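Please open the structure in your viewer and keep the selection tool at hand. This tour names what to select at each stop and then describes what is found there.

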Amino acid sequence: MLTSAAAGCGDAGELQGAGPTPTAISPDKLWPDLTPASSPAFDIGEVDTEVVKGITVPGGDIRGVDPVAVVRREIAGHPGDYAKGPYAETARRMADCGESGARGARCPVLQAYYRDLTGDGRADLTLGFRQLPGNLTAVRVYTVRRDRLVQVMAYEDAVSAVELAGRSVIIRAPSEVAGYEYRLQWTWDQQQQAMLLTHDEMLRTGGRKHSPRPSASGSASTPAGPSASAPDSSPDAAPGSSPDSVAPPASLSPSSGR
């Protein structure tokens, strides 16, 4: 019996063959005589930070900042986009924020989330709001410096999901290619003191299919207000939020930067 037991223990954990290993292929450098570019062709604003004027941070605690007031300041600072621009409906529906019932549900500002993304031991603010009448969602990250509110990330896209992981904000957006989606990861960079776009890739979605995305000038869809987020009891999220993710409405229209 002891011999059998010893043999049984010996069988457990033995190495198993994983099949043939693909032959490693070294990379080939193309066009070695091509003159390297010295400046980027496009500016996506990955290190653009901005102090939000007119917003105070009581005691340096970002939880004391009203997310709706932050969005109102952005709208006021970009009248060409919101007053009579492509997102005029967003400006109009800001009057519904803070109201109850069906009217409050029209507020374009989504649930705010709080998590330390900069590594300074204090909560930072991640918020989103709908850019109407199109279906874009704006995602913003704010931190506090010397009791001032500072925007360290700004991005708009057709959003199917947003996640917080470690020091990163992960945005998923639908693709025109059936069964695939875009995945963008913005990560805090201590040297630049900003969220940098560290990953931009197209991934399989496990067979999910997306119809071609409408343009930003397409018809309006039902907005999601702050009450639209899934409930959770995490101390790092605002009441009614999830600790790790925000899920804005799916199948929204694309950004012009795609």
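Select strands E6 and E7: the two form a hairpin with two residues between them. In its turn, Gly166 has a positive phi of about 60 degrees. Strands (E, at least two residues) and helices (H or I, at least four residues) are DSSP runs, numbered from the N terminus. E6, residues 161–165, runs antiparallel to E7 and is joined to E7 by five bridges. Two strands count as paired if DSSP finds at least two bridges between them. Within this hairpin, Leu164 stands opposite Val169 in E7.

The model on display is predicted: local features need pLDDT of at least 70, side-chain atom pairs count only at pLDDT 80 or more, and totals for chains, interfaces and linings use all residues. Residues are numbered from 1 along each chain as its sequence is written, and side-chain values use heavy atoms, with hydrogens and water left out.

**Along E7 to the next hairpin**

Now select E7 alone, residues 168–174. How many of its residues are buried? Seven of the seven are buried, and the strand is mostly covered. Buried means under 20% relative accessible area, exposed means over 50%, and partly exposed lies in between (1.4 Å probe, protein chains only). Ser168, Ile170, Arg172 and Pro174 point one way from E7, while Val169, Ile171 and Ala173 point the other way.

Add strand E8, residues 180–189, which runs antiparallel to E7 and is joined to E7 by seven bridges. One pair to highlight is Pro174 with its bridge partner in E8, Glu181. E7 and E8 also form a hairpin, with five residues between them. Gly179, in that turn, has a positive phi of about 85 degrees.

**The five-stranded sheet**

Next, select E1 to E5. These five strands form an open sheet in the order E1-E5-E4-E3-E2, with antiparallel pairing. E1 and E2 stand at the edges with a single partner strand each, so one side of each has no neighbour in the sheet. From one strand to the next, the twist averages 35 degrees. Axes are lines fitted to C-alpha atoms, for helices over the stretch in contact, and angles run from 0 to 180 degrees between N-to-C directions.

Zoom in on E1 and E5 (residues 148–157), which pair in the antiparallel sense over three bridges. Val51 has Val150 as its bridge partner in E5. Then show helix H2, which lies across E1, E2, E3, E4 (136–145) and E5 and runs at about 120 degrees to E1.

**The nonpolar cores**

Which residues touch the most other members of the largest nonpolar core? Among its 25 residues, they are Ile62, Val109, Tyr142 and Leu149. A nonpolar core is a set of buried Ala, Val, Leu, Ile, Met, Phe, Trp, Tyr and Cys residues joined through side-chain atoms within 4.5 Å. E1, H2, E3 and E4 are the elements that give two or more residues to this core. Apart from it lies another core, of 19 residues, among them Val139, Val150, Leu164 and Trp186.

Select Tyr142 on its own. Beyond its neighbours within four places in sequence, its contacts (heavy atoms within 4.5 Å) include Val52, Ile62, Val70, Leu127 and Leu149.

**Three loop residues**

Go to Asp96, in the loop between helix H4 (88–93) and helix H5 (101–105). Is Asp96 buried or exposed? Asp96 is buried, with a relative accessible area of 7%. A polar contact of 2.8 Å joins its side chain to that of Arg103. A polar contact is a pair of N or O atoms within 3.5 Å; within protein, one must be able to donate a hydrogen and the other to accept it, and residues adjacent in sequence count only if both atoms are side-chain atoms.

Move to Asp120, in the loop between E2 (113–115) and E3 (124–131). Asp120 is partly exposed, with a relative accessible area of 39%, and its side chain makes a polar contact of 3.2 Å with that of Thr118.

Finally, find Pro58, in the loop between E1 (50–56) and H2 (67–77). Pro58 is partly exposed, at 47% relative accessible area.

**Colouring by confidence**

Colour the chain by pLDDT, the predictor's confidence in each residue, from 0 to 100. The chain averages 81, and 74% of the residues score at least 70. Over residues 210–235 the pLDDT is below 50, and over residues 238–257 it stays under 50. Where pLDDT is low, the predicted coordinates should not be read in detail.
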